[in-house]
Amino acid sequence: MPLLELLTPDHMELIHSSALDILESVGIRVTTEEALKIFAEAGAQVNKNEKTVKIPSHLVEEMIKKFPKVFELGGRDNKNKIILERGRFYTRASTGFMYVLDFKTGEWRRATMDDAFIAARVIDYLDKISINATHLFPVEAPLQAGDVYSFKVVLENSSKHIVVSPLELRNLKTIWSMAKVIVPEDRLIKTPVFSVLNCPNSPLTLRDDITIFCSKYRIPTIINSAPVIGVSSPVTLAGTMILQCAEALATLTLIQLVNPGSPAIWGCKSTPLDMRYGTPLAGAVEIGLLSAANVELAHYYGLPAEGFGPRTDSKMLDEQAGIERALVALLPALAGAEIISGAGCLEAVATFSIEQLIIDNELYGILERILNGISFDKDRLAIDIIKRVGIGGNYLKDLSTAKYYRSEFFIPRLFNRRDRKTWTASGAKRVEEVAREKVERILNEHEPLQLSREEKEELNAILKEFSKSLQG
């Protein structure tokens, strides 16, 4: 259950009614004739010349009712199957980085295929990160194909569900073809191995080609209205939420018009602009507030929510990174988000750090412990134990201490809780040094579920054909 509530029922109703008013009076822009036809046949007011659509409120509200409340996200094996429903908590890495901090040299540089390989394998191993992602767009790939190259690497090196951020529709079609090499199409539709991050072009322009394709094949869509506050959305937080809601509801309506029952996740997130420097921000606490409020709005509509997770504007793994990441992640988690995203990112989601990914895995474990709360079952009330130990006794010797310690307290595997003497004797290592060593151990010891030689050859053939089409 959510532990944080920022919005009252009246607030949510006000956001909803205002978004409906925007859709009905201002409308949205689409990019394809197919979307115009779908909306027109459903009774929306369509301007073909301007490619704009005004959507009646009753149509939006009718379509919202058609979304599944519970659905599955699959992986390459049944072990990594995820059931998205209220009360469950999952996590994922961020997507779409072009730069990394080299974990061996500390150099800031363009990401490579090898970096993508390392990240995919490490995430496959980490137990507190539920979902993998096309996190790195490698320098070896054509600029317009980084998502496809990254998906292939992750698919080959992880059996977890994958979130992709497609650059274009043709890229998404190629990703779908690759997924069908591993999983038959009928099972892929039933339990998809990847989800799509679908970002409208704020203000009020849909990525309708991506939306329609996802809906046709029931690919779960994370609707991520992500305006830059003060640039592509109002500078006020409430105004930004209304714009996001309008864009998300328009996308949701199109999904259900194409294929009723197709799954979606409310993932609205936003980025403020620091007006002093003209820089987009990732670690501002207002991002956490907006993310938490959007989680509440998702649940108002009966949809699962993805909230922002650990994010920072810092360029390194320092105190700023730690404070910003913890606060921005904690707020939507407390609001009840089903998925928290963002592990591994630095510098306003411009740079990826594998050490930060390891540290975020620890943070996700702490969030999970917070959300589990305090248990008041009969055994944990410990009344009989208090009576047994009595006045002036010692609970350290009582069997209940050994029995419940590990379930009552989060036991870190990365952070150091030893005394200074022991810490010094073990090398006086900073947390990022410990994380770096863990990366090396994972790469040496962890072997992800392997694809067959035939599957790898087919993926290579698809990628080769796609690359050739980019040159035509």
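## Cysteines

Cysteine 245 is buried, with a relative accessible area of 0%, in a structure that is a predicted model. A disulfide is a covalent bond between the sulfur atoms of two cysteines. Under the distance rule applied here, which asks for a pair of cysteine sulfur atoms within 2.5 Å, the count of disulfides comes to 0. Cysteine 245 accordingly takes part in no disulfide, and the nearest cysteine sulfur, which belongs to cysteine 268, is 7.4 Å away.

Cysteine 199 is likewise in no disulfide, the nearest cysteine sulfur being that of cysteine 268 at 9.7 Å. Its surroundings can be described by accessibility as well: cysteine 199 is partly exposed, with a relative accessible area of 21%, and because the buried class is reserved for values under 20%, cysteine 199 at 21% falls outside that class.

## Overall fold and dimensions

The protein chain contains 18 helices and 20 strands. For a chain of 472 residues, a compact globule would be expected to have a radius of gyration near 23 Å, and the value of 23 Å found for the protein chain agrees with that expectation. Along the principal axes, the C-alpha atoms fill a box of roughly 80 × 55 × 50 Å.

Of the 472 residues, 54% are buried. Among the contacts with a separation of 6 or more, 73% are between residues 24 or more positions apart. The protein chain exposes about 21300 Å², and carbon and sulfur atoms supply 54% of that area.

## Threonine 191 and its loop

Threonine 191 is found in the loop that runs between helix H7 (185-190) and strand E11 (194-198). Although placed in a loop, threonine 191 is buried, with a relative accessible area of 12%. When neighbours within four places in sequence are left aside, the residues in contact with threonine 191 are Glu72, Leu73, Gly74 and Lys81.

## A nonpolar surface patch

Which residues make the nonpolar surface patch of about 450 Å²? The patch is made by Ile374, Phe376, Leu381 and Ile383. Isoleucine 383 lies in helix H14, which covers residues 383-389.

Isoleucine 383 is partly exposed, with a relative accessible area of 47%. Because membership of a patch asks for over 30% relative accessible area, the 47% of isoleucine 383 satisfies that part of the rule, while the same value leaves isoleucine 383 short of the exposed class, which begins over 50%.

Methods. Residues numbered from 1 in each chain as written. Predicted model: local features only at pLDDT ≥ 70, side-chain atom pairs only at ≥ 80, totals over all residues. Heavy atoms only, no water. Patch = residues over 30% accessible without salt bridge, like charges linked within 9 Å, V, L, I, M, F, W, Y side chains within 5 Å. Areas by Shrake-Rupley, 256 points an atom, 1.4 Å probe, with all protein chains shown as cover. Salt bridge = Lys/Arg side-chain N within 4 Å of Asp/Glu carboxyl O. Helix = DSSP H or I, 4+ residues; strand = E, 2+ residues; numbered from the N terminus. Buried < 20%, exposed > 50% of the residue type's maximum accessible area, 1.4 Å probe, protein only. Rg over C-alpha atoms; globule rule 2.2 N^0.38 Å. Contact = heavy atoms within 4.5 Å.
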